[in-house]
Amino acid sequence: MSNRTAAVHAARGPGKAATLGLALLLPGSVLILWQTLGHYGIISEMLFPTPYTIGESFWNLAVSGDLWVNLRISAARALSGFVLGGGLGLLLGLLVGLFRRSEKLLDPSLQMIRMIPSLAVVPLFILWFGIGEESKVLLIAKGAFFPLYINTFVGIRGVDNKLFEVTRVLGYSRLKQISRLVLPAALPNVVLGVRLSLGLSWLGLVVAELIASSSGIGYMMSDARQFADTPVVFVGILVFAVAGLLSDTIVRLIERRLLKWKDNFQG
């Protein structure tokens with residue numbers, strides 16, 4: 001292989017197989033160590049069931065269908081809360097970012113609400129909306145609202161003011177300014193807000209389902225805790241982790257397509 005070819009391969013970075021191997025190295029090592037310690041009784045099987053035992057519980061729940069029913073319910077709640085909270089966060093972020101009067105009117109109140117912990121409003125939501133779907137979706141929406149709101153606001157205010165002056169000289173209408181200048185410039189921040197909002201939607205889902213629910217992955221974990229069925233609790237944790245990672249990966253793939261014009265540092 002010539003020096004030039006070697007340099008090209010080095011610039012491209014490791015291949016997909018090497019990247020996958022690096023990604024699996026740490027979790028694979030942890031699982032092997034965990035299984036070994038559990039197998040020889042060094043750690044408590046009650047508190048830390050081995051990966052093999054957790055895998056058996058996952059298989060039994062999957063075959064019985066309980067896992068998929070609860071996962072479908074949880075995913076619908078998380079998506080509904082994200083669409084409601086994230087959508088409002090995006091709209092208000094645009095409104096506050098574009099208009100100074102809107103910022104003075106709305107932002108102080110919204111920032112005050114942001115500082116209220118989600119757990120603090122759970123009793124109120126239950127009193128107002130009961131233990132049905134409304135309280136759960138609204139609790140998730142509260143968590144999903146602020147990352148998109150703040151990042152949209154920051155993205156708009158980060159646009160160079162000289163570009164706005166250019167659009168005014170060119171005679172752009174307000175709508176054309178938003179579609180041609182504001183949204184493309186603020187898009188990296190908006191996508192970051194989407195990723196953070198999705199993550200907080202799953203976190204809010206856990207809080208909602210663990211506190212007051214009769215279905216969903218969080219309920220499945222809470223029910224297993226009462227019967228000291230630790231493997232099922234770990235299955236629920238694993239499902240939440242995989243669901244969160246999958247949703248974040250989907251957003252990152254969309255981000256690459258939307259921001260393919262942007263030349264980023266690759267490490």
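**Aromatic contacts in an all-helix chain**

With a relative accessibility of 36%, Phe129 counts as partly exposed. This residue is found in helix 6, and the model that contains it is a predicted one. Phe129 is a useful place to start, and the overall chain comes next.

The protein chain holds eleven helices and zero strands. Read from the N terminus, its elements run α-α-α-α-α-α-α-α-α-α-α. Along the principal axes, the C-alpha trace spans about 75 × 70 × 30 Å. The radius of gyration of the protein chain is 23 Å, whereas a compact globule of 267 residues would have a value near 18 Å. Of the 267 residues in the chain, 36% are buried.

Now to the aromatic rings. A pair of such rings is described by the distance of the centres and the angle of the planes. Counting rings whose centres lie within 6.5 Å, the model has eight aromatic pairs. One of them is formed by Phe125 and Phe129, with 5.9 Å from centre to centre and 90° between the planes. An angle over 60 degrees counts as edge-to-face, and the pair of Phe125 and Phe129 is therefore placed in that class.

Both partners belong to helix 6, which covers residues 118–129. Phe125 and Phe129 are four residues apart there, about one turn of the helix. Their accessibility can be set side by side: Phe125 has a relative accessible area of 13% and is buried, while Phe129 has 36% and is partly exposed. The cut-off for buried is under 20%, so Phe125 falls below it and Phe129 does not.

A second edge-to-face pair is made by Trp202 and Phe240, at 6.3 Å centre to centre and 70° between the planes. Trp202 lies in helix 9 (residues 174–211) and Phe240 in helix 11 (residues 230–258), so this contact ties together parts that are 38 residues apart in sequence. Trp202 and Phe240 are both buried.

Back in helix 6, Phe129 takes part in further groupings. Together with Phe125 and Trp128, Phe129 forms one aromatic cluster. Phe129 and Trp128 also contribute, with Leu124 and Leu127, to a nonpolar surface patch of about 470 Å².

One contact of another kind remains, between a charge and a ring. The charged end of Lys176 sits over the ring of Tyr172, at 4.6 Å from the centre of that ring.

Key
Residues are numbered from 1 along each chain as its sequence is written. This is a predicted model: local features need pLDDT of at least 70, side-chain atom pairs count only at pLDDT 80 or more; totals for chains, interfaces and linings use all residues. Side-chain values use heavy atoms; hydrogens and water are left out. Rings of Phe, Tyr and Trp (its six-membered ring) pair if their centres lie within 6.5 Å; planes under 30 degrees apart count as stacked, over 60 as edge-to-face and the rest as tilted. Helices (H or I, at least four residues) and strands (E, at least two) are DSSP runs, numbered from the N terminus. Buried means under 20% relative accessible area, exposed over 50%, partly exposed in between (1.4 Å probe, protein chains only). A charge sits over a ring if NZ of Lys or CZ of Arg is within 6 Å of the ring centre and within 35 degrees of the ring normal. Patches are made of residues with over 30% relative accessible area and no salt bridge: like charges are joined within 9 Å, nonpolar side chains (Val, Leu, Ile, Met, Phe, Trp, Tyr) within 5 Å. Accessible areas come from the Shrake-Rupley method with a 1.4 Å probe; for residues, only the protein chains shown count as cover. A salt bridge is a side-chain nitrogen of Lys or Arg within 4 Å of a carboxyl oxygen of Asp or Glu. The radius of gyration is taken over C-alpha atoms; the globule rule is 2.2 Å times the number of residues to the power 0.38.
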